[in-house]
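Please work through the exercises below with the structure in view, trying each task before reading its solution.

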Amino acid sequence: MSAINPRHKIATRTRLTEVRYEIRGELARRAREMEANGRKLIKLNIGNPGAFGFRAPEHLQNAIAGGIARTDPYTHQQGLPEAREAIAAFHKQRGTPNASPERVFVGNGVSELIDISLRALLNPGEEVLVPSPDYPLWSAATILNDGRPVYYKCDRDNGFLPDPEQIESLVSSRTRAIVLINPNNPTGANYPKALLERIVEIARRYRLLLLVDEIYDGILYDDAVFQPVAPLAGDLPCMSFGGLSKVHRACGWRVGWAVLSGDPLACGDFHHALDLLGALRLCANVPGQFAIEQALHGTDTITPLCRPGGRLFETRKALIESCAASEHLSLVAPAGALYGFPRVVGDAARGFDDHEFALDMLEQEDVLIVPGTSFNVPYREHFRVTLLPEAPMLREVFTRIDRVLARRAQGTDACSAVA
């Protein structure tokens with residue numbers, strides 16, 4: 001018997017080389033090293049309310065405490081019956097067709113349900129139309145389930161809204177689904193009804209599944225109005241995703257759901273596939289499911305945060321004013337969600353590299369941001385920040401951002417003068 005080489009490396013799946021998730025990637029690892037060495041950082045890379053002092057509403061906490069004695073056993077693979085009934089009732093109020101507990105799937109966050117949905121849908125080489133910029137899990141889950149993400153542009157000159165004609169031009173014989181993220185992460189765009197109706201008609205024309213990430217549905221600013229897609233889709237198959245993480249500030253509970261609407265006959269095989277995959281992982285986190293009814297049908301705690309004087313509103317205001325005051329930044333003001341996606345402009349943008357800039361912000365200014373290219377865009381002059389810190393902290397962050405960009409602009413000016 002030959003001796004085992006102790007240095008033999010375990011090979012990993014080759015498709016992982018195509019996956020990026022810089023939100024928790026190389027820069028986040030460097031930040032942890034710096035913190036271990038005593039550096040105090042402002043970390044704006046993740047939309048994690050609990051890390052910024054938010055708490056899940058008390059009536060949700062009480063609902064879990066009241067149900068904790070019943071949480072020891074596995075539950076049904078699609079979720080607790082009362083949780084699914086609450087979700088179905090919520091969607092019925094929205095006008096979602098065929099909203100019933102049997103068509104609701106509860107998961108360990110929307111993240112798990114995105115993966116399960118794409119695993120149930122895709123054969124090798126099939127395509128999913130994904131927005132650019134996107135939340136990178138959609139691309140990663142498509143790739144890791146042997147599919148191919150095909151990106152449609154959400155152009156900053158159009159307020160980061162997609163162009164339906166461009167979406168339709170990308171449809172091929174291999175296309176299986178269109179992903180919509182609304183309100184959008186990372187841009188904060190909120191899609192108007194007329195635009196969504198045009199995209200629904202494209203899906204109908206080519207018999208595509210709509211995969212609609214609506215996790216930020218209650219986080220809207222100024223006069224923005226959220227339009228759910230399922231009521232517009234009617235009998236067209238549509239998966240609508242939501243959860244407790246953002247609107248209800250309960251990321252760590254890992255409670256998400258998906259509602260499959262549309263013609264039951266057209267959805268039948270897909271429904272069975274989702275049920276099978278849900279059964280293979282046994283069930284989702286049980287304690288958190290006891291909070292779902294109160295979250296969807298109890299007191300609205302998110303709207304006051306998004307109105308003038310509310311914490312999210314005031315931090316968004318700080319973002320808008322900081323970018324407007326800077327000669328180095330341009331911003332499409334977010335209409336919803338928890339993020340800003342500023343663009344670097346002017347002299348500071350010459351030869352700009354978003355990853356290099358993010359590293360400079362970390363090393364020089366103790367601020368962790370996410371490079372724009374992490375969201376699968378072909379340009380390099382954007383970065384993402386979260387709106388979760390208090391407004392004064394975000395203003396301080398942008399003072400530091402402007403300091404780095406001013407040095408960069410002066411450096412490019414000096415180079416131009418020498419040339």
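The exercises that follow concern a predicted model, and they move from a sheet to the helices that pack on it.

**Exercise 1.** Work out in which order the strands of the open sheet are arranged, and which strands stand at its edges.

*Solution.* Begin with the order of the 8 strands in this open sheet, which is β2-β9-β8-β7-β6-β3-β4-β5, with mixed pairing. Next, look at the two ends of that order, where β2 (104-107) and β5 (161-162) each have a single partner strand, so that one side of each is left without a neighbour in the sheet.

**Exercise 2.** Describe how strand β7 is paired on either side, and name residues that stand opposite each other.

*Solution.* Take the β6 side as a starting point: β6 and β7 run parallel and are joined by 5 bridges, and here Leu 180 stands opposite Val 212 of β7. The connection between these strands passes through helix α7 (residues 193-206), and this β-α-β crossover from β6 to β7 is right-handed. Then turn to β8 (residues 238-243), with which β7 (residues 209-213) pairs in the parallel sense over 4 bridges. On this side Val 212 stands opposite Ser 240, while Leu 211 stands opposite Met 239.

**Exercise 3.** Decide whether the residues of β7 are buried or exposed, and sort them by the way they point.

*Solution.* Residues with under 20% relative accessible area count as buried, and in β7 this applies to 5 of its 5 residues, leaving the strand mostly covered. Sorting them by direction, Leu 209, Leu 211 and Asp 213 point one way, whereas Leu 210 and Val 212 point the other way. Helix α5 (residues 136-144) packs on the sheet and touches β7, and it also touches β3 (127-132), β4 (148-155), β6 (175-181) and β8. The direction of α5 makes about 160 degrees with that of β4.

**Exercise 4.** Find which strands helix α9 lies across, and then work out how α4 and α9 are oriented to each other.

*Solution.* First, helix α9 (residues 264-280) lies across β2, β7, β8 and β9 (256-261), and runs at about 160 degrees to β9. Second, helix α4 (residues 109-121) packs with α9 at an angle of about 125 degrees, their axes being 9 Å apart. Since angles of 65 to 115 degrees count as roughly perpendicular and those over 145 as roughly antiparallel, α4 and α9 are therefore oblique to each other. Third, the crossing in which α4 passes α9 is right-handed. Finally, the residues that meet include Ile 116, Ala 120 and Leu 121 from α4, and Phe 270, Leu 274 and Leu 277 from α9.

Conventions: Residues are numbered from 1 along each chain as its sequence is written. This is a predicted model: local features need pLDDT of at least 70, side-chain atom pairs count only at pLDDT 80 or more; totals for chains, interfaces and linings use all residues. Side-chain values use heavy atoms; hydrogens and water are left out. Two strands pair if DSSP finds at least two bridges between them. Contact means heavy atoms within 4.5 Å. Axes are lines fitted to C-alpha atoms, for helices over the stretch in contact, and angles run from 0 to 180 degrees between N-to-C directions. Buried means under 20% relative accessible area, exposed over 50%, partly exposed in between (1.4 Å probe, protein chains only). A crossover is right-handed if, with the strands pointing away from the viewer, the path from the first strand over the helix to the second runs clockwise. Angles under 35 degrees count as roughly parallel, over 145 as roughly antiparallel, 65 to 115 as roughly perpendicular and the rest as oblique. A crossing is left-handed if the near helix is turned anticlockwise from the far one by less than a right angle, and right-handed if clockwise.
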